[in-house]
Amino acid sequence: MIRDTSPTTARRFGLSPNYNRRGAVPANFRSVRQPYRQFTHRPDRPPGSPAPPVPVHHDRPNFIVELRSTNTEATTRQDVLDLISKFKLKAEEVGIYDRGALNARLCFQQWTDALEATVHFWETCLNASSLLVPRLIRNLVLPSDTDELGNRLKTIFTEHVEGLFEGELVRKWQEKLSHVMEEIEAITALLRKPKRVTVHDELCMQRRGLIAERDLIGRRIREFKTGMECVLCYLEGKECGEEEGVRVLLLKGDFDWGRIYWLVRRECRRLDDGLPIYAFRQDILWQIHCQQIMVLIGETGSGKSTQLVQFLADSGVAGHDTIICTQPRKLAAISLAQRSPAVQCILQFNNVIRR
């Protein structure tokens, strides 16, 4: 309640009897508000000017294309930038990462742009022009988009696999096979001529070694082509012909382009490495199918520890169960675990790796 000033109080302090406590306040007092003015337009925009467009911010993109490196040590930031710069279409948002397996993320709102980006990066990856594998993440899924992407990638992968049958890697081993056969013919011609017993025995030993090497190279080439035929039949929707009831690569269900890529790449690496166990893969799988227990004996470095587990996982022998690879010594187990990251990227699809 507000009380008026009494006359006695006014005379005591020398105030006028008409003094009011709610009198005038200095204009520079901070609690005084400016008088209300009504504007017909914003002060920062002249009258009659059009309103600026309101920016649209999307909470999340409809499509994301991730680029993951197959070799984090060999991939640099400049390599990622060079690969993205070669793509004609521009993404709405681009993220570059310097650490980890994920190197870049390209965000798109239109399906056509995301489709072209995915196809473009897969083409560069399959042509060995890049170490970055694309992965498409779709927040907006339509059945027609899935079919369109599958048809485009199926054509690219089919052409790539067909080219491997007579590719540079196969030609290299065929040339080596021809060279070995020429040496066998030369030694055979020498054996027809009379010579000392010791020289004859030495030439026979060399000939037997060359014949074994010839057979081994031929089996490797046939094994590689068998694996590529399984991949090609899977892409074309055909049943893979099983030799002696053994399928070296079990592929079924929807297309997993990342898994197909790693399978093809690993088959090429197996042929290039030339481990002896690769030439006998079908024989080993056939014995495992027929026998409850099998003891495999091989020389050191033939690929028993590193390759046999992959053979079992690829052929589907273990199904959804676990494959265990043991080592007699801790040092050997550590060495095998350090060599397995390149293998893990393909076996992790079946969840069969336990360290």
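Buried here means under 20% relative accessible area, exposed means over 50%, and partly exposed is in between, with a 1.4 Å probe and protein chains only as cover. This is a predicted model, so local features need pLDDT of at least 70 and side-chain atom pairs count only at pLDDT 80 or more, while totals for chains, interfaces and linings use all residues. Residues are numbered from 1 along each chain as its sequence is written, and side-chain values use heavy atoms, with hydrogens and water left out.

**First stop: aromatics**

Select Y234, which is buried at a relative accessible area of 12%. Now add F255, partly exposed at 30%. Rings of Phe, Tyr and Trp (its six-membered ring) pair if their centres lie within 6.5 Å; planes under 30 degrees apart are stacked, over 60 edge-to-face, and the rest tilted. Y234 and F255 make an edge-to-face pair, 5.0 Å centre to centre with 65° between the planes. Y234 sits in helix 6 (residues 197-236) and F255 in the loop between helix 6 and helix 7 (257-273), so the pair ties together parts 21 residues apart in sequence. Helices (H or I, at least four residues) and strands (E, at least two) are DSSP runs, numbered from the N terminus.

Widen the selection to W122, F157, W257, Y261 and W262: together with Y234 and F255 they form one aromatic cluster.

**Next: helix 5**

Show residues 168-191. Which residues of helix 5 are buried? They are V170, W173, L177, V180, I184, I187 and T188. These pack against helix 4 (143-164), helix 6 and helix 7, where contact means heavy atoms within 4.5 Å.

**Then: salt bridges**

A salt bridge is a side-chain nitrogen of Lys or Arg within 4 Å of a carboxyl oxygen of Asp or Glu, and the structure holds 15 of them. Pick E66 and R135, which meet at 3.1 Å, N to O. The pair links distant parts of the chain, with E66 in strand 1 and R135 in strand 4 (residues 132-138), 69 residues apart. E66 is buried at 4% relative accessibility, whereas R135 is partly exposed at 42%.

Jump to helix 7 for E267 and R270, whose closest N and O atoms are 2.6 Å apart. Both are buried, and being three residues apart, E267 and R270 are separated by about one helical turn. Add E223, R266, R281 and D314, and you have a network of salt bridges that also takes in E267 and R270.

**Last stop: the loop after helix 9**

Finish on V295, in the loop between helix 9 (281-290) and helix 10 (304-315). V295 is exposed, with a relative accessible area of 69%.
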